[in-house]
Amino acid sequence: MHISEGILSGGVLIAGWAGTLAGVSVGLKKTNPDKIVKVALLSSAFFLASLVNVKIGPSSTHLSLLAPMGLILGWAAFPAIVVALLLQAVLFHFGGLLVLGVNAFIMGISAVSVYLLFGEKIRGTGSKIYSFIAGALAVMIAALLVGLSLGLTDGNFLTAAKLIILVHLPLSLIEGLATMFIISWLKRVSPEFLS
Amino acid sequence: MILLFAIIYALIISLSNSLFCLVIESLLPVIILINCPGNLKSLVKLNALNLFMIMTLALTWPNFREGVIMGLIITWRLNLIYIIFAGVIAKLGFTGIYAALVRFHVPEKLRILLLLTMRGIFIMNNRLDSALIALKLRAPEMKFMTRLKTFGYITGNILLQSESRSEKMLQAIKCRGGFEGFNQL
């Protein structure tokens, strides 16, 4: 999901940073200072969980957990994602510092979108279906935005962009299932956590 | 200052398309690499991952040869930018980066979030590791759906633990004078 350094054009990089700055300012504005500690520890838990290898047949994958982040943190997911991606870039060299703006915007907007669409619905009945759709949708939004960023950089990237979207289809189903299990477990064990 | 210079230099590299410019821009990263040969190991790892990207570009670009060249140019840029930032991060260290964030007027809330997230990663890492080791010992082999369900439950459990831990942490921070202490770093 991370776009590497040196691929995107200047215009896309600037647009990504502008979007991220806007998202982060809204996210920080909506986060009460007393909630900062909670957001930090939850985002560190998401960061660690997203590094766990989940075996799929002979291969394995890391889940992005964008939807649970959005559904639990709301707008605070934006600054949390920026911090997580910054740490990933510095510690593991995933992505990079220049493309941080674009990567953070792609993931942040996906997380916030599912929060706006399903944030209330997962608290009511039918939460399993809604959380599954939210998980799958977040990944697909992110994949579409990655494709769009590549397509806007150079028209020749379009085939690669389509391939990326195609590859993310089965991943979105897995993310949907993981989101469904996380939300249903939280709802069963600690319903007040989601409120 | 050094971080700002690195960002501008990396931006120039990122936007360079001609080979001549990239050769000229390689001078500084080469000097950094000679002074910090430790980065070579991670560069090998980085380029091994990048082989997949070059292959994808070569196979999806309208012209195979052009695709390979584009992949190599991107790899070149990626290496140069990586060396620049790795050099700066090694030079500044974490406190230097934090000081740079203060000078760039990064909002205080975001800086505190960064510090606490780093601390949280160290705290929660032990708990997650214990849960994963226990899982391996109890059920080394699982069906895919059971594995995914277990992953979901472990994640949910870690989230609940981190929430209760955050309450205690907030109380401790308040007892020590609130978030003012973070500004003295």
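**Exercise 1. Work out which order of elements chain A follows along its sequence, and how its overall dimensions fit that fold.**

Step 1. Reading from the start of the sequence, the pattern of chain A is α-α-β-β-α-α-α-α-α. Keep in mind that you are looking at a predicted model.

Step 2. Tallied up, that pattern gives seven helices and two strands in chain A. The globule rule gives 16 Å for 195 residues, and the radius of gyration of chain A is 16 Å, so chain A is as compact as a globular protein of that length.

Step 3. For the outline, the C-alpha trace of chain A spans about 50 × 40 × 30 Å along its principal axes.

Step 4. Now look inside: 59% of the 195 residues of chain A are buried. Of the contacts in chain A with a separation of 6 or more, 74% come from residues 24 or more positions apart.

**Exercise 2. Do the same for chain B: how many helices and strands are there, and is the chain compact or spread out?**

Step 1. Chain B contains seven helices and zero strands, running α-α-α-α-α-α-α from the N terminus on.

Step 2. Its radius of gyration is 23 Å, whereas the globule rule gives 16 Å for 185 residues; chain B is well over that value and therefore more spread out than a compact globule.

Step 3. A box of roughly 60 × 50 × 30 Å along the principal axes holds the C-alpha atoms of chain B.

Step 4. Buried residues come to 45% of the 185 in chain B. Among its contacts between residues at least 6 apart in sequence, 64% join residues at least 24 apart.

**Exercise 3. Find the exposed area of each chain, and how far apart the centres of its positive and negative charges lie.**

Step 1. Chain A exposes about 7,400 Å², with carbon and sulfur atoms supplying 69% of that area. For chain B the exposed area is about 10,900 Å², and carbon and sulfur atoms supply 68%.

Step 2. Chain A carries 11 positive and 6 negative side chains, and the centres of these two sets are 10 Å apart. In chain B there are 19 positive and 8 negative charges, with mean positions 6 Å apart.

**Exercise 4. Check the length of helix α1 of chain A, then say what its buried residues pack against.**

Step 1. Helix α1 of chain A covers residues 10-29, and at 1.5 Å a residue its 20 residues should span 28 Å; the end C-alpha atoms are 28 Å apart, so the two values agree.

Step 2. Among the buried residues of α1(A) are A:Gly10, A:Leu13, A:Gly16, A:Gly19, A:Gly23 and A:Gly27.

Step 3. Within chain A, the buried residues of this helix pack against α4 (77-92), α5 (100-118) and α6 (127-153). From chain B, the partners are α1 (2-15) and α6 (108-138).

Step 4. Follow one partner further: α5(A) has 19 residues and reaches 27 Å from its first C-alpha to its last, close to the 27 Å expected. Since 14 of those 19 residues are buried, α5(A) is largely enclosed by the rest of the structure.

**Exercise 5. Place A:Leu186 in its helix and list what it touches.**

Step 1. A:Leu186 belongs to helix α7 of chain A, residues 158-189.

Step 2. Its relative accessibility is 0%, below the 20% cut-off, so A:Leu186 counts as buried.

Step 3. Leaving out residues up to four places away in sequence, A:Leu186 touches A:Ile72, A:Pro191, A:Phe193 and A:Leu194, and across in chain B it touches B:Gly156, B:Leu159 and B:Leu160.

Definitions and conventions. Residues numbered from 1 in each chain as written. Chains lettered and ligands numbered in written order. Predicted model: local features only at pLDDT ≥ 70, side-chain atom pairs only at ≥ 80, totals over all residues. Heavy atoms only, no water. Helix = DSSP H or I, 4+ residues; strand = E, 2+ residues; numbered from the N terminus. Rg over C-alpha atoms; globule rule 2.2 N^0.38 Å. Buried < 20%, exposed > 50% of the residue type's maximum accessible area, 1.4 Å probe, protein only. Contact = heavy atoms within 4.5 Å. Areas by Shrake-Rupley, 256 points an atom, 1.4 Å probe, with all protein chains shown as cover. Lys, Arg positive; Asp, Glu negative; His and termini not counted. Charge placed at Lys NZ, Arg CZ, Asp CG, Glu CD. Expected span 1.5 Å × (residues − 1).
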